Amino acid sequence: MKKGFWNSGHPPTLIMAFLYFDVSFMVWMVNAAMAPFISQQFHLTHPQKALMLSIPVFAGALLRIPLGLAAEIIGRKTAALFGLAGTLLAMLYGFYFVDSYNQVLIMGGLLGIAGASYAVALPLGSGWFPPKHQGLAMGIAGAGNSGTVLAGLFAGPLATAYGWQNVYGCFAIPVAVVMALMWFLAKEPPDKIEHKTAKQYLSVLLEKDIWIFSLLYWVTFGGFVGFASFVPTFMADQYGVSKVQAGQFMILVGFTASAVRIFGGWFADRFGGIRALTAIYLVIFAGALMAGTIPARIPLMFAMLFIMAAGMGAGNGSVFQLLPL
């Protein structure tokens with residue numbers, strides 16, 4: 001009897017990879033979700049807002065390479081535990097020390113530790129599964145970008161009730177819980193058959209395909225992160241919605257992209273990653289074109305954000321289906 005998807009790998013590790021990515025993404029987006037509160041307190045200009053929102057994104061991108069390299073050398077589970085420990089320390093720093101704009105910027109750099117998590121989470125979860133199921137496994141692990149939903153759902157109300165600095169302390173709790181569960185439940189994947197030096201691993205940077213995949217992912221995941229980070233500030237500044245409602249617009253982007261990401265991995269497994277991405281980029285293009293030309297009405301913008309987030313989420317799953325092949 002042919003083994004099904006769940007029987008072909010180690011489900012607890014895949015679930016822990018999802019949770020690691022989920023809480024990390026929640027933390028990574030916390031400043032974006034609280035941007036209207038922070039902007040109001042420090043009377044930030046538009047350039048200051050842009051800098052505040054861009055630093056966590058840039059730091060996350062920059063730290064993915066060393067964290068991903070560490071995962072190959074010391075093991076993915078160990079690297080995940082180190083990543084969670086760093087994220088926990090960052091939350092504690094925010095809770096105890098962040099009380100000025102400059103410290104918010106420093107905090108943004110520390111949030112990059114959480115943003116780098118998927119360099120470990122995806123290979124940790126998918127490493128237990130055979131190639132024919134890796135698109136779906138990566139889609140499930142990668143659905144942890146639903147942490148955007150958690151940031152949008154909880155950061156605003158918590159900031160209103162307790163002050164935005166205390167949100168860092170609140171978010172430290174689920175990070176600590178996931179760290180403990182990771183220690184007890186996850187197992188190192190068995191797919192690594194040989195040990196290499198750091199130089200050998202970094203030689204992948206000389207391959208043309210990896211840069212092409214990076215460009216493809218720049219549109220899907222980079223676009224998703226950009227929208228998720230900017231949409232609270234955008235809705236507050238351009239549409240005049242309340243600070244809490246502005247943060248909750250992240251829920252639309254995060255939930256849509258996360259849910260569709262699994263479908264994108266499955267679709268790429270079934271029809272091929274290139275075909276899937278061709279259709280997906282047409283969807284993103286159509287959504288972006290309409291968003292740039294429609295009248296400034298919240299329902300219309302809501303619909304366009306939904307279309308673009310769906311395309312970006314499916315594209316994330318499709319790009320990662322191609323990588324291990």
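Begin by selecting S117, which touches Y20, F21, S24 and L67 when residues up to four places away in sequence are not counted. Bear in mind from the start that the structure on your screen is a predicted model. S117 lies in the loop between α6 (101-115) and α7, and, with a relative accessible area of 1%, S117 is buried, since a residue counts as buried when that area is under 20%. Now add F82 to the selection: S117 and F82 are 35 residues apart in sequence, and their C-alpha atoms are 10 Å apart in space.

**Along helix α7**

From S117, move on to α7 (118-126). How many of the nine residues of α7 are buried? Eight of them are, so this helix is largely enclosed by the rest of the structure. To see them, select Y118, A119, V120, A121, L122, L124, G125 and S126, which are the buried residues of α7.

**Aromatic rings**

Keep Y118 selected and add F21, F25, W28, Y217, F221 and F224, because by the rule for ring centres within 6.5 Å these residues and Y118 form one aromatic cluster. Across the structure, the count of aromatic pairs comes to 18. One of the pairs is formed by F95 and Y96, whose rings meet edge-to-face, at 4.9 Å centre to centre and with 75 degrees between the planes. F95 is partly exposed, with a relative accessible area of 32%, while Y96, at 59% relative accessibility, counts as exposed.

Go next to W164 and Y168, which form another edge-to-face pair, with 6.3 Å from centre to centre and 80 degrees between the planes. Why are W164 and Y168 separated by about one helical turn? The two residues are four residues apart in helix α10 (residues 164-185), and this places about one helical turn between them. Are W164 and Y168 buried or exposed? Both W164 and Y168 are buried.

**The nonpolar core**

W164 also leads to the next stop, the largest nonpolar core, which has 92 residues; the members that touch the most other members are M34, M52, W164, M182 and F224. Select M52 and display what surrounds this residue: with its neighbours within four places in sequence left aside, M52 is in contact with A35, I38, S39, L44, Y101, V104 and L105.

**The largest pocket**

Turn now to the largest pocket, whose volume is about 2100 Å³. Its lining is made up of 50 residues, and if you want to find the centre, select E72, V204, I210, F320 and L323, which are the closest to it. Several helices each supply at least two residues of this lining, namely α4 (46-74), α7 (118-126), α8 (134-142), α11 (198-202), α12 (208-239) and α15 (298-322). Which helix gives the largest share of the lining? That helix is α12, with 10 residues. If you colour the lining of the pocket by class, you should find 33 nonpolar, eight polar and nine charged residues.

**A cavity**

The structure holds one cavity of 30 Å³ or more, and the volume of the largest cavity is about 30 Å³. To find it, select W28, M29, A32, L53, P56, V57 and S229, which line this cavity. The largest share of this lining, three residues, comes from α4. By class, the lining of the largest cavity has six nonpolar residues, one polar residue and no charged residues.

**H43, in a loop**

Select H43 next, which is found in the loop between α3 (35-42) and α4. Most residues other than glycine have a negative phi. H43 has a positive phi of about 55 degrees, although it is not a glycine. With a relative accessible area of 66%, H43 is exposed.

**Last stop: F267**

End the tour at F267, which lies in helix α13 (residues 243-271). The relative accessible area of F267 is 24%, and F267 is therefore partly exposed, as this class lies between the cut-offs of 20% and 50%. Leaving aside neighbours within four places in sequence, you will find F267 in contact with G272 and A276. Finally, add A288 to the selection: F267 and A288 are 21 residues apart in sequence and 22 Å apart in space, taken from C-alpha to C-alpha.

Terms used:
Residues numbered from 1 in each chain as written. Predicted model: local features only at pLDDT ≥ 70, side-chain atom pairs only at ≥ 80, totals over all residues. Heavy atoms only, no water. Core = buried A, V, L, I, M, F, W, Y, C linked by side-chain atoms within 4.5 Å. Buried < 20%, exposed > 50% of the residue type's maximum accessible area, 1.4 Å probe, protein only. Contact = heavy atoms within 4.5 Å. 1 Å grid on protein atoms, 1.4 Å probe; cavity = no way out; pocket = protein on both sides within 12 Å on 5 of 7 lines; lining within 4 Å. Points joined across faces, edges and corners; volume = space filled by probe spheres on them. Nonpolar A, V, L, I, M, F, W, Y, C, P; charged D, E, K, R; others polar. Phe/Tyr/Trp six-rings, centres within 6.5 Å; stacked < 30°, edge-to-face > 60°.
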